[in-house]
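Reader: I am in my first year and would like to learn how the words used for a structure are tied to what was computed. Could you go through some of them with me?

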Amino acid sequence: MNKSLVNGQQSIVRGAASLLIVFSILTSACTKKENPLPIFGEREVEGTDTVYHTIGEFKFVDQDSAAVTNDTFKDKIYVADFFFTSCRTICPIMKTQMLRVYDSIQNEPDVLLLSHSIDPEYDTVGLLHDYAERLGVKSDKWHFVTGSKEDIYKIAQTSYFATAMEDKSEPDGFIHSGAFLLIDKDRRIRGKYDGTKEEDVNRLLADIQRLKKEYVKEN
Amino acid sequence: MKNHKPKAIYRVTSAVKLFALGLLLFALSLQGCREKKTDSNISSSSSIKQQQYYVQGEQLYIKHCSNCHQKNGTGLGLLYPPLAKSDFVDQNFEAVVCLMRHGIDGELIVNGKSFNKSMPGIPSLTDLEIAEITTYLYNTWDHKRDSIELQEITNILNRCVDESNPNRSSTAK
């Protein structure tokens, strides 16, 4: 066989191999450079430290009558939303979408879900218990909470920037946003999603993974 | 020169062939998508009126029902019962027509599972709209009933007991 042809073939193989290496280095560099998720809300600079907006103190009761506070979410990433069991409009869609999130985090011990009732007088612990059971979800992963109406509305508006209020002219008697909020381990809001839109919730699922990676790197 | 010409033609024709094949594949895949997208069991022989009912009914279903029962009719856990596969839908035609306008309350067994949450009625639905939703519901997913007449629906609606009356059995077949 012609020697130069063999040589030629070898050099093509070599060339291809080195191209592959360069390419894989380039792509791995790209994935490392992925932008961190934004941090929502106002921030203040105090000396060299930036102080970010964080979720305020809260104390609610979940479907198992257990107290749910900031401590419940210590060192946890969580997704929060606002709903009520008798809601006929967007809540069933939101819950279908949140159920997708629930299914996707089954094996993630540091990710939890928190659904606040904005009709806490009607949504008693018993009702929330029944609701969660009928949805087929467990309380160690997904807390449905009730509490004082004032506290819930206040935390919705001032901590999560979510709309939640009573309005008798609305079909269900409440105005509320269908937002899902992604909260990091430092109580900061890192993402806001429309809980009635499948594509937006897909983005949330991806962002949960991104946020998890942030903490892997820091430790 | 003479040698080149047929070669070029050959190249062109093979490119055209490839293109045609690609187009064919694309069309086929599109067709496949379309077939998957619609769950319609309404036969092509049904009247134009029935097909119109079906199309309108689908829109009305998405607007009025899909938030609870889901677009694909699967329901949600034990909170909202399924419509796609439902022995209740199969066995209670009149009750289903009535509950769209009047709602339904209390325990309901669907496919052997207990549901108990109230479904609000939609009093603003006209007889025609209910006929359209019924046409959609009964000719989609697991169901195939075909022809549904407006007069039949109106007759049923006139027989419905009010939602405040818990005795539903008189409306069920």
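Author: The turns below take up a few terms, one after another. This is a predicted model, in which local features need pLDDT of at least 70 and side-chain atom pairs count only at pLDDT 80 or more, while totals for chains, interfaces and linings use all residues. Residues are numbered from 1 along each chain as its sequence is written, chains are lettered from A and ligands numbered from 1 in the order in which they are written, and side-chain values use heavy atoms, with hydrogens and water left out.

Reader: What makes a stretch of chain B a helix or a strand?

Author: A DSSP run counts as a helix if it is H or I with at least four residues, and as a strand if it is E with at least two. By that rule chain B has seven helices and two strands, in the order α-α-α-α-α-β-β-α-α from the N terminus.

Reader: Why are some residues of chain B called buried?

Author: Buried means under 20% relative accessible area, with a 1.4 Å probe and protein chains only, and 38% of the 173 residues of chain B count as such.

Reader: How do you know how many residues of chain A and chain B take part in the contact?

Author: Contact requires heavy atoms within 4.5 Å, and 13 residues from chain A and 13 residues from chain B take part.

Reader: What is the count of salt bridges between chain A and chain B?

Author: A salt bridge needs a side-chain nitrogen of Lys or Arg within 4 Å of a carboxyl oxygen of Asp or Glu, and the count between chain A and chain B is zero.

Notes:
Buried means under 20% relative accessible area, exposed over 50%, partly exposed in between (1.4 Å probe, protein chains only).
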